[in-house]
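Welcome, and please open the model in your viewer with the cartoon display switched on. We will go from stop to stop, and at each one you will hear what to select and what to look for.

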Amino acid sequence: MSHDIGTWVAALLTLCVFSFLYRDNPFYRFAEHLFVGASAGYLLAVQYQNVFRPNVIEKIGHGELLPFVPLVLGILILGRAWERTSGLARWSLAFYVGIYSGIAVPSYLQAQIFAQLADAVKPFQPGWGAVNSGLILLGFLSVLAYFFFSAPHKGLHGFSARTGIWFLMVAFGASFGYTVMARVSLLIARMQFLMRDWMGILPGA
Amino acid sequence: MRLGPIVVTFLTGATLIAIFFIPNRAAQQTQSVILEWADIVYAFALLLGSISLWISHQKKLQQRAEGWPYSAVTLTALALVTVLGVTQGVGGETIVGKIYDSVNAPLASTMFSLLAFFIASAAFRAFRARNIEATLLLLTAIVMMVGRVSIGEFIWKGFPPLTEWLLDVPNLAAKRAVAIGVGLGAISTALKIILGIDRSYLGRS
Amino acid sequence: MAATPNGIWQRILGIDRRWIFVLVGLGTVLPLLFPVNLPVTPSPRVQAAYDAIEAVPEGSIILMSIDYEPDIMAELQPMSIAVLRHCFRRNLKPVILTLYPAGPRLVEQALAVATAAEGKKRYEDYVFLGYKSGNQAVILGLGENIRGLFPRDFYGVRTDSIPLMQRVNSYADFPLLINLSGSSIADYYIRIAASRYHRPMILGATAVMATDYYPYLSSRQLLGLIGGMKGAAEYERLMGIIGDARRGMDAQSLVHVIVVILVLLGNVALFATGGLRRRIGGGA
Amino acid sequence: MGETLDARWFNPDRLNLLVGLFLFIAFLAINIRRAKVSRDGLFIRPLAGLKALDEAIGRATEMGRPVLFVPGIGDMSEVGTLAAITISSRVARRVADLGCDLRIPCYDPVVTALIEGTTREAYREANRADSFRPGSVYYVSATQFAYVASVTGTMLRDRPATNIFMGAFYAESLFLAETGNLTGAIQIAGCDQVTQLPFFVCSCDYTLLGEELYAASAYLGREPVQLATIAAQDWAKALAAGTVVLAIILSALGHPWLGRLLQTS
């Protein structure tokens, strides 16, 4: 058994969460509420230490004026706390939404559309590879057809949309199968923690 | 009254799109400053959220509502971690760092590992060969689950290449089409906001 | 419709899900206690990642971003250790950073294991810049002025004064970028470092994320891809070392087999009770 | 690469992207015009999940139990979140009309502030401003599994009759959907992360796949201009498909220039 308090706390909380598998119970509920409080507090402290202090307090302390702009925007957002000042937050939110919408447009255009298209137009591979290239093209076109909203799924369009669904289902199955692996890995690591670091019944470090 | 914020969104959004096409150093630096401002606004939003979290649990505590002792847990954790983190820092050697390692980290990884159990029960319940689509999903998932681990190779040498093929051909085709569709959807959603076509984020009028 | 032989199948269909949980739990614990060490064969993508590191000229400085938190370290930490050891073995000099506030502890842990195993020293063989907030802004900034972005390293030393750092200041100075990521941070690196700056890039991701990045492999935006604990185990195999990833692989196999058997059992039961025609079961 | 490019005011390597952007804006403009001119509006294929949305909210009202809306764990940099905000305002409007209880636990604090505003507005529009409960839209924690722990707690203890998951979801998808399945709620999901879709498909009654999420946000508005954006996307998709086929044929004939036009940096 471990002699470290931190390990004991971690192990007991681990067991509290595992108890959820049986059913909702006070131990799980305790862990849940502890987690919400501790994580919200941690995030707040991290933001203070890594964003607010260096980018606002220290810069203003050095006589910079520019940080007053986000400071004011930030204070406006706090207006949401009261009904009467709630409308003020709109300005900061509008700014914030504008930023991320603006970044999204070119980024998605480049990485998700052009890069994918550039790859999709590669010439077919020779020999048997051509069969795969053809299947990829077929799948690509039929899945696009499934996501074509301006026409009903009838006739040729309906047929290709249905083929598209098949490709989608295979992709979903692949994701599901792959995910099983990831989740089991996490469980293995938790068990390694309980059995090795806490109970000390597994070898290795 | 709503016009102001809409203009703000348009200007920031359009500026960030433009910056993407301008390699000029001044433009790139402007982008960094704007993103830093966004971070500061986020920090205030986090403060706002944490205040509302505090108020709602305090209310439960005061009214002795059902489960109020749990609210006390959340409040204590929130206050403690925030105060310690702001005054003493959040690095590995601080108290908050230790709390993080023995409370937040194990809770998060154990919650995450519960998915290993859920994925098994979901597979058992929902993977039923009811029609072609469901059967394709089920078969692909089974091949992936068996083929990606050592035992798959043990059973049949062809499993690993088959999983590779599934990922490289049908999966790639479907994901590529979805990526392009999602990319277009994302661009149009972002453009709608920048151009003021969709104002729902401000509360429609 | 439920004749006597159907009774048992009906009961299988209606089994309490907690029995499934017990099976999964046993399937994880038992192989850890009694390992049989099933063999691990490297996949082409992991091999490609390995080869990409092999292809970098000895002595080069490479950039490494380690971006995950403890909740998924099970999948990525063994990978970080294996990749770091590989770099050290090849005498490459990683400049490491993290975009998660909880990242530094994990990076330090990984470095402790890797440097001890390969006998390497801070500042001579690697630099750890520490954590910087602002995800995308940092990734953009790395293309501009790294020493400006990180005036001091994690241990408070001025980056301008570190000889290793004097040789690098933007993506262009690194022949290889390695990102070990548990989130969409990987997308930003692909969009910015790999696409905009054309940097050769290797990605280590969780098993779930990995399938999403296959398209980038065939478009050569990624040179190699290591997915999850299995990928890490394959990498350990290529390196000829045994770490936590390879130790977990037996349990991995057994649980997969359990899930597959459950699915088959469910379908047989459904077929036997005529449920296929009646459309019972399922959440749909 | 940095230093030499600094003084330029345009990156010629991105000309193709700029052309693409203007082309898409042109598609938008043309379709908005078409939508305004045409009398019956544009045809947009109905989405099964959306029809179910109304029924599910109605069912919660009949049962006297709350509706739970989960906007995902994306921040504002993910467009799925923008769609979730728009959808939440439509759902809030419907809920306000029917007068049932709504819970919207949020992960991102900025998203919380936005949704709080749109929900309040939706109640006002329905002339039910007084029945908006200030605590119904609340921030939980921007930590993935702390958020999940709290939301699953809400599912188990408040027993919402309808769970709506819309936005960007990651590993928590299965956790939320399985817990919801256990409580017997009607579940409708929409997600733009392909890797998470199989879990929603397995555990939810209806799932909007990929870009259907974005389409839903436009569709729910039922305004001609919104529908026009879907049509514009379809044009772009048709163009993409056509380009791919043409480029492959051209390069087979020895003219790879079209493919090269798509390369960006």
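How many bridges join β1(D) to strand β4 of chain D, and do they run parallel or antiparallel? Select β1(D) and β4(D) (residues 162-168): five bridges join these strands, which run parallel. Two strands count as paired here if DSSP finds at least two bridges between them. Helices (H or I, at least four residues) and strands (E, at least two) are DSSP runs, numbered from the N terminus.

Before going further, a note on what is on screen: this is a predicted model, in which local features need pLDDT of at least 70 and side-chain atom pairs count only at pLDDT 80 or more, while totals for chains, interfaces and linings use all residues. Residues are numbered from 1 along each chain as its sequence is written, chains are lettered from A and ligands numbered from 1 in the order in which they are written, and side-chain values use heavy atoms, with hydrogens and water left out.

The predictor gives the complex an ipTM of 0.91 and a pTM of 0.90. For chain D, the mean pLDDT (the predictor's confidence in each residue, from 0 to 100) is 91, and 97% of the residues of chain D reach 70 or more.

**Stop 1: the strands of chain D**

Stay with β1(D), residues 67-72, and show its side chains. Six of the six residues in β1(D) are buried, where buried means under 20% relative accessible area, exposed over 50%, and partly exposed in between (1.4 Å probe, protein chains only). Now pick L68(D), which stands opposite N163(D) in β4(D).

Next, add strand β2(D), residues 102-106, which pairs with β1(D) in the parallel sense over two bridges. Here V67(D) stands opposite L102(D). To follow the connection, trace the chain from β1(D) through helix α4(D), residues 79-98, to β2(D): this β-α-β crossover is right-handed. Right-handed means that, with the strands pointing away from the viewer, the path from the first strand over the helix to the second runs clockwise.

**Stop 2: a salt bridge within a helix**

Select E116(D) and R120(D) in helix α5(D), residues 109-125. Their closest N and O atoms are 2.8 Å apart, and the pair forms a salt bridge, defined as a side-chain nitrogen of Lys or Arg within 4 Å of a carboxyl oxygen of Asp or Glu. Because E116(D) and R120(D) are four residues apart in the helix, about one helical turn separates them. E116(D) is buried at 10% relative accessibility, and R120(D) is buried at 12%.

**Stop 3: chain C**

Which partner does L97(C) have in β3(C)? Its bridge partner is G130(C). Select both strands, β2(C) (residues 93-98) and β3(C), and you will find them parallel and joined by four bridges. Four of the five residues in β3(C), residues 127-131, are buried. Add helix α5(C), residues 103-118, to complete a right-handed β-α-β unit with these two strands.

Now move to D160(C), which forms a salt bridge with R147(C), with 3.0 Å between the closest N and O atoms. D160(C) lies in the loop between α7 (146-149) and α8 (163-166) of chain C, while R147(C) is in helix α7, 13 residues apart. R158(C) also meets D160(C) in a salt bridge, at 3.9 Å from N to O. D160(C) is partly exposed at 41%, and R158(C) is partly exposed at 40%.

For a buried residue, select M239(C) in helix α12(C), residues 228-239; its relative accessibility is 5%. M239(C) and V83(C) are 156 residues apart in sequence and 9.0 Å apart in space, C-alpha to C-alpha.

**Stop 4: where chains meet**

Display chains A and B together. Here 102 residues of chain B are in contact (heavy atoms within 4.5 Å) with 103 residues of chain A. Four salt bridges are counted between these chains. E36(B) forms a salt bridge with K59(A), the closest N and O atoms being 2.7 Å apart.

Finish at Q116(A) in helix α4(A), residues 89-120, which is buried at 4% relative accessibility. Leaving aside neighbours within four places in sequence, the contacts of Q116(A) include R176(B), A179(B), P215(C) and Y216(C).
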